[in-house]
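Please examine the fold below with attention to its strands, its loops and its buried side chains. The paragraphs that follow lead from one loop residue outward to the rest of the chain.

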Amino acid sequence: MIFEHLLADLKALLFPEREAADALPVMDGPWTPNRALDAALVLGEPLPGCDDLASVGDGALLVSADHTVWRCEGAQFAQREAHAVLPASVGALLAAGTSLYVAQDGVGVVRLNQAGTEIASLLSVDGKPLRCVTALAALPDGRIVIADGSEHHPAAEWVHDLMEKRASGRLIIASADLSQASVIAQQLAWPAGLLVDARGAITFSEAWRHRLSRLSAQGEPEVLLRNLPGYPGRLAADGHGGAWLAVFAARTHLVELVLREEQFRREMLATIDPRYWIAPSLHSSGHYLEPLQGGALKKLGVIKPWAPPRSYGLVAQLSADGECSASWHSRAGGL
């Protein structure tokens with residue numbers, strides 16, 4: 001372990017240009033901060049803990065939240081009923097044909113029929129449990145692509161995986177009935193989003209490496225977009241050859257500094273309650289021990305776009321060539 005840290009320090013000393021190449025980028029151009037997410041239409045009452053959406057053929061939406069998959073339909077999807085209730089917290093969803101594939105945090109993937117009854121499950125691949133399924137997608141031939149974010153932590157402990165600087169994620173292809181599965185890529189830094197094109201090429205996000213890559217049917221991944229200003233998550237086709245990209249937290253200079261300062265980072269992980277780590281979060285607790293409480297202070301009544309956020313909402317639209325064309329933000333102090 002000591003040798004690994006010395007080697008990392010030596011690389012940083014000998015190759016400073018590598019660190020500079022991955023310096024935190026400025027949010028400008030199509031990434032310029034705005035309040036578009038805060039001003040967006042809210043559909044129905046909030047669903048606490050909602051995680052993913054899946055569109056089904058009759059115009060309804062399926063939404064995962066806590067232990068339940070909800071069916072939402074009607075005007076602004078205000079009519080809701082429980083489609084399935086599962087024993088573990090549910091996350092990623094995939095509606096494919098007459099089946100619904102659901103990720104259970106810490107457990108694996110289950111396949112449900114149209115009535116919401118479990119008919120198959122996949123709990124491990126190559127002897128390793130599927131404890132952190134972050135995204136699901138379907139190949140043109142009906143097989144299922146699974147992103148397994150980490151072999152060390154469930155999806156709910158994503159911040160632990162980030163601050164421990166892990167890279168143990170996998171991409172897996174499984175048969176439609178989940179009876180067979182194999183690993184197609186590994187040692188990934190929290191693969192969190194998947195998008196499959198008509199030729200079967202798989203685009204995936206790596207949150208801790210701040211990039212999008214594409215894996216062709218022939219094998220080797222190609223980096224499409226690198227050094228993003230936040231941690232990229234799930235992907236969805238936009239219907240025009242491009243994609244929607246969810247960025248679930250913004251990168252900050254303070255967190256980047258903590259990740260570089262090995263001694264401080266290790267001591268923080270060992271001695272501080274995870275709720276109060278200097279780390280990104282999906283929401284602010286408002287507790288007085290929470291870091292970055294001054295990040296959303298207003299100047300002349302306006303929250304400045306450079307305010308260091310504890311949490312940050314961001315969605316980007318990517319063009320067909322993988323470049324950001326527009327973005328929607330909920331900045332520090334937003335909803």
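His 210 counts as buried in this predicted model, because its relative accessibility is 12% and the limit for a buried residue is under 20%. The residue is found in the loop between β16 and β17. Its phi is positive, at about 55°, although His 210 is not a glycine. Most residues other than glycine have a negative phi. The loop in question belongs to the hairpin of β16 and β17, which has 4 residues between the strands.

The two strands of that hairpin, β16 and β17 (residues 211-215), pair in the antiparallel sense over 5 bridges. Within this pairing, Ile 202 stands opposite Leu 215 in β17. On the other hand, β16 also pairs with strand β15 (residues 191-196), again in the antiparallel sense and over 5 bridges. Here Leu 194 stands opposite Phe 204 of β16. The hairpin of β15 and β16 has 5 residues between the strands, and in it Gly 200 takes a positive phi near 90°.

How many of the residues of β16 are buried? Strand β16 (residues 202-206) has 5 of its 5 residues buried. In a regular strand the side chains alternate between the two faces of the sheet. In β16, Ile 202, Phe 204 and Glu 206 point one way, whereas Thr 203 and Ser 205 point the other way, and all are buried. Both directions from β16 are thus represented among its buried residues.

Ahead of β15 lies a further residue with an unusual backbone angle to consider. Trp 190 is in the loop between β14 (181-188) and β15, and its phi is near 60°, a positive value in a residue other than glycine. Trp 190 is buried, because its relative accessible area is 3% and the limit is under 20%. Trp 190 also takes part in an aromatic cluster, together with Trp 158, Trp 208, Tyr 231 and Phe 248. The count of aromatic pairs comes to 7.

The cluster leads on to another sheet. This open sheet has 4 strands in the order β19-β20-β23-β24, with antiparallel pairing. Its edges are β19 and β24 (324-330); each has a single partner strand, so one side of each is left without a neighbour in the sheet. Neighbouring strands of this sheet are turned by 20° against each other on average, direction ignored. Strand β19 is joined to β20 (residues 243-250) by 6 bridges, and the two run antiparallel. One of the bridge partners here is Val 247 in β20, which is matched with Pro 232.

Which elements cover the buried residues of helix α5? They include α4 (158-163), β19 (230-237) and α6 (262-271). In α5 (residues 253-260), the buried residues are Val 255, Glu 256, Val 258 and Leu 259. They cover an arc of only 160° around the axis, which puts them on the same side of α5. An α-helix has 3.6 residues a turn, so residues three or four places apart point the same way.

A second open sheet of 4 strands has the order β1-β2-β3-β4, and its pairing is antiparallel. At the edges stand β1 (50-55) and β4 (79-85), each with a single partner strand, so one side of each is left without a neighbour in the sheet. The average turn between neighbouring strands of this sheet is 25°, direction ignored. Strand β3 (residues 68-73) and β4 run antiparallel and are joined by 6 bridges. In β4, Ala 82 is the bridge partner of Trp 70.

The cysteines can be considered next. The number of disulfides comes to 0. For Cys 50, the closest cysteine sulfur is that of Cys 72, at 9.5 Å, which is too far for a bond, because a disulfide needs sulfur atoms within 2.5 Å. Cys 50 is partly exposed, with a relative accessible area of 48%, whereas Cys 324 counts as buried at 12% relative accessibility.

Finally, the chain may be viewed as a whole. The protein has 6 helices and 24 strands. Of its 335 residues, 44% count as buried. Among the contacts with a separation of 6 or more, 47% are accounted for by residues 24 or more positions apart.

Note on methods:
Residues are numbered from 1 along each chain as its sequence is written. This is a predicted model: local features need pLDDT of at least 70, side-chain atom pairs count only at pLDDT 80 or more; totals for chains, interfaces and linings use all residues. Side-chain values use heavy atoms; hydrogens and water are left out. Rings of Phe, Tyr and Trp (its six-membered ring) pair if their centres lie within 6.5 Å; planes under 30 degrees apart count as stacked, over 60 as edge-to-face and the rest as tilted. Buried means under 20% relative accessible area, exposed over 50%, partly exposed in between (1.4 Å probe, protein chains only). The arc is that of the directions from the helix axis to the C-beta atoms. Contact means heavy atoms within 4.5 Å. Two strands pair if DSSP finds at least two bridges between them. Axes are lines fitted to C-alpha atoms, for helices over the stretch in contact, and angles run from 0 to 180 degrees between N-to-C directions.
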